[in-house]
Structure formats: structure tokens, C-alpha cells
Amino acid sequence: MQIKSISYHRVINLGNYESKRLELFAEVQEGEDPETAISSLAELVERKARESFELIFDIKELKRERRELSKEVEQLKAEKDKLTGVKPEPDNIPFEGGVSEQAAEDTLSGF
């Protein structure tokens, strides 16, 4: 039997019913040892799958840390407001668009 082509694949379970598949195909050259070709291909796929796996989980970890930090920032802002006595008031909307406080007071004093 003469082996002309080989393939090797690796499936990585990402959790939440997700997976990632890495598959490579190679042609065995005339005179090339098929066992060596298979080992080389398997080694390449495993190395690339491991790199990809580490990157995927680094990204997931960074996203998790970002969510935690956002929550912590909100908690710290609330704590700062509580300590400084600042309370957000929905009716206290600052004027924008070039209207000064004096102009607003003059308008309101006419009522």
C-alpha cells in the first residue's frame, strides 16, 4: 500500500457546547517515509491547536476580568458619591449648547 496523502485533526472543546476544529492535510512525497510525515503533521497540528487554545482562553479570561473591573468601578463610584454626599438627581440636568446659567435664571425669573 502506498500512502499519497495524510490528514490530522484536533477538536478543542470551548465549553457552552462550542468547539474549534483544526485540521491539516499533506501530500506524502515520493520517497518520503509516511511514518515521519504523519508524525510531523500530528506534531504541527497539536502545537498550533495548543497555541490557539491558550489564546482563546486568554481572551476569555481578559473579558471576565474586564467585567469584574467594570463592576468594581461602579461600586467605587457609588461609594465615593456616598462618602462625599453627592447624590445623583434626575432633575438636576446641566444646561448645554451655550446657554449660560445666568440666561436660564433670567428666563425663569420672568415666570
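Me: What stands just after helix 1, and what is particular about its phi?
Reply: Gly-85 follows helix 1 directly and takes a positive phi of about 80°. The model is predicted, so local features need pLDDT of at least 70 and side-chain atom pairs count only at pLDDT 80 or more, while totals for chains, interfaces and linings use all residues. Residues are numbered from 1 along each chain as its sequence is written, and side-chain values use heavy atoms, with hydrogens and water left out.

Me: What makes a stretch a helix or a strand here, and how many of each are there?
Reply: Helices are DSSP runs of H or I with at least four residues, and strands are runs of E with at least two, numbered from the N terminus. The protein chain has 2 helices and 2 strands, in the order β-β-α-α along the sequence.

Me: How do you know what span to expect of helix 1?
Reply: The expected span is 1.5 Å times one less than the number of residues. Helix 1 covers residues 34-84, which is 51 residues, so 75 Å is expected; the span from first to last C-alpha is 74 Å, close to that value.

Me: Which residues of helix 1 are called buried, and why?
Reply: Buried means under 20% relative accessible area, exposed means over 50%, and partly exposed is in between (1.4 Å probe, protein chains only). In helix 1, Ala-37, Leu-41, Ala-42, Val-45, Ala-49, Ser-52 and Ile-56 are buried. They pack against strand 1 (5-15) and strand 2 (18-27), a contact being heavy atoms within 4.5 Å. Of the 111 residues of the protein chain, 11% are buried.

Me: Why is the pair Arg-21 and Glu-23 called a salt bridge?
Reply: The term requires a side-chain nitrogen of Lys or Arg within 4 Å of a carboxyl oxygen of Asp or Glu. Arg-21 and Glu-23 have N and O at 2.7 Å, so the pair qualifies. The structure holds 5 salt bridges.

Me: Why do Arg-21 and Glu-23 get separate accessibility labels?
Reply: Arg-21 has a relative accessible area of 52% and is therefore exposed. Glu-23, at 28%, is partly exposed.

Me: What separates Glu-51 and Lys-48 along helix 1?
Reply: They are 3 residues apart, about one helical turn. An α-helix has 3.6 residues a turn, so residues three or four places apart point the same way. The closest N and O atoms of Glu-51 and Lys-48 are 3.4 Å apart, and the pair forms a salt bridge. Glu-51 (40%) is partly exposed, and Lys-48 (38%) is partly exposed too.

Me: What makes Glu-61, Arg-64 and Glu-68 a network?
Reply: Arg-64 and Glu-61 form a salt bridge, with closest N and O atoms 2.3 Å apart. Arg-64 and Glu-61 are 3 residues apart in helix 1, about one helical turn. Salt bridges with shared partners join Glu-61, Arg-64 and Glu-68 into one network.

Me: How do you know which elements have the lowest and highest confidence?
Reply: pLDDT is the predictor's confidence in each residue, from 0 to 100. Helix 2 (residues 101-109) has the lowest mean among the elements, 59, and strand 2 the highest, 89. Where pLDDT is low, the predicted coordinates should not be read in detail. The protein chain averages 80, and 77% of the residues score at least 70.
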